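Here is a short note for a colleague who is opening this model for the first time. Please read the points with the structure on screen.

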Amino acid sequence: MLIMVFTAVTSNAQELIKNGDFELNPRVEQGTSATTGWDSRKPVVVTHVDPISSDNPHYAVICCDTLYNEGADGAIDMTDGTKYDLSIALRNIPAIKAENRTEGNKLIIIQLIDEQCKPIAETTIRVKGQGWQQFNKQFTASATCAKARLAIIGLGCAKIAIDNVSIKKH
């Protein structure tokens, strides 16, 4: 008799990003909105055209600006030498006018920054094509910082959609 035992492997790692899916509902969670936890020098644009799924209809759009996340508890606690797992969904958004369209290739830089906006962990992602793509990267902190923030930096003038942002301790 053959007996098979299956065990589920689950991650107990705590989510370090606040509102990584841009879905907080002000009617359910009083005082919140789709941009809760997020900030930028320009207004944070959240839309719902061609979402990643009907269950998750909202996402942010950036161009040549930076989108910041304060972290799940108002700050991201980082420890020098510790690894962190990043997961993010990205999609190129084509320009409306044909003459403004690029080859569908967008470069973004994702950083964890300290209080002085100095990067303490960084990765670069090149998004190709038009559909939603899931990216998984790993950061290693180069310093200890109790009040780090996430920075998503859009380079160039092409627009990119951002959704399902997650950072957890490895």
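1. Start at Y59. This is a predicted model. In it, Y59 has a relative accessible area of 2%. Y59 is therefore buried, since the cut-off for that class is under 20%.

2. Y59 has an aromatic partner. Y59 and W132 form an edge-to-face pair, with 5.3 Å between centres and 80° between the planes. The pair links distant parts of the chain. Y59 belongs to strand β3 (residues 59–62), while W132 sits in the loop between β8 (119–128) and β9 (133–140). In sequence they are 73 residues apart.

3. How many aromatic pairs does a search of the whole structure find? It finds two. Besides Y59 and W132, F22 and W38 form a pair, and this one is stacked. Their centres are 4.8 Å apart, with 25° between the planes. Here too distant parts of the chain are linked: F22 lies in the segment before β1 (38–39), W38 lies in strand β1, and 16 residues separate them.

4. Are F22 and W38 buried or exposed? F22 is buried because its relative accessibility is 0%. W38 is also buried, at 7%.

5. Look at what surrounds F22. Leaving out residues up to four places away in sequence, F22 touches A34, W38, V46, H58, Y59, A60, L67, I162 and D163. Take D163 from that list. F22 and D163 are 141 residues apart in sequence, yet their C-alpha atoms are 7.1 Å apart in space.

6. Now the overall make-up. The chain has zero helices and 11 strands. Of its 170 residues, 38% are buried. Contacts with a separation of 6 or more are counted for the chain, and residues 24 or more positions apart account for 72% of them.

7. One sheet deserves a closer look. It is open, has five strands and runs in the order β2-β3-β11-β6-β9, with antiparallel pairing. Why do β2 (45–47) and β9 each have one side without a neighbour in the sheet? They stand at the edges, so each has a single partner strand. From one strand to the next, the twist averages 40°.

8. Walk across that sheet from β2. Three bridges join β2 to β3, and the two run antiparallel. V45 stands opposite V61 in β3. Next, β3 is joined to β11, again antiparallel, by three bridges. There, A60 has I162 in β11 as its bridge partner.

9. Continue to β6. Strand β6 (residues 83–93) pairs with strand β11 (residues 159–169) in the antiparallel sense, over nine bridges. In this part of the sheet, Y84 stands opposite K169 in β11.

10. Which residues of β3 are buried on each side? On one side they are Y59 and V61; on the other they are A60 and I62. Both faces of β3 are thus covered.

11. The largest nonpolar core has 31 residues. Among its members, I88, L150, I152 and I162 touch the most others. Many strands contribute. At least two residues of this core come from each of β3, β5 (76–78), β6, β7 (105–113), β8, β9, β10 (145–154) and β11.

12. I162 brings several earlier points together. Not counting residues up to four places away in sequence, it touches F22, Y59, A60, I62, L67, I88, A89, L90, W132 and I152. That list includes Y59 and W132, which form the edge-to-face pair. It also includes A60, the bridge partner of I162.

13. Check T66 as well. T66 lies in strand β4 (residues 66–69). With a relative accessible area of 13%, T66 is buried. Leaving aside neighbours within four places in sequence, T66 is in contact with D39, S40, R41, A151, I152 and I153. I152 in that list is also one of the residues that touch the most other members of the core.

14. A last detail concerns a charge and a ring. The charged end of R149 sits over the ring of Y68. The distance to the ring centre is 4.4 Å.

Technical notes
Residues numbered from 1 in each chain as written. Predicted model: local features only at pLDDT ≥ 70, side-chain atom pairs only at ≥ 80, totals over all residues. Heavy atoms only, no water. Phe/Tyr/Trp six-rings, centres within 6.5 Å; stacked < 30°, edge-to-face > 60°. Helix = DSSP H or I, 4+ residues; strand = E, 2+ residues; numbered from the N terminus. Buried < 20%, exposed > 50% of the residue type's maximum accessible area, 1.4 Å probe, protein only. Lys NZ or Arg CZ within 6 Å of the ring centre and 35° of its normal. Pairing = 2+ DSSP bridges. Axes fitted to C-alpha atoms, helices over the stretch in contact; angles between N-to-C directions. Core = buried A, V, L, I, M, F, W, Y, C linked by side-chain atoms within 4.5 Å. Contact = heavy atoms within 4.5 Å.
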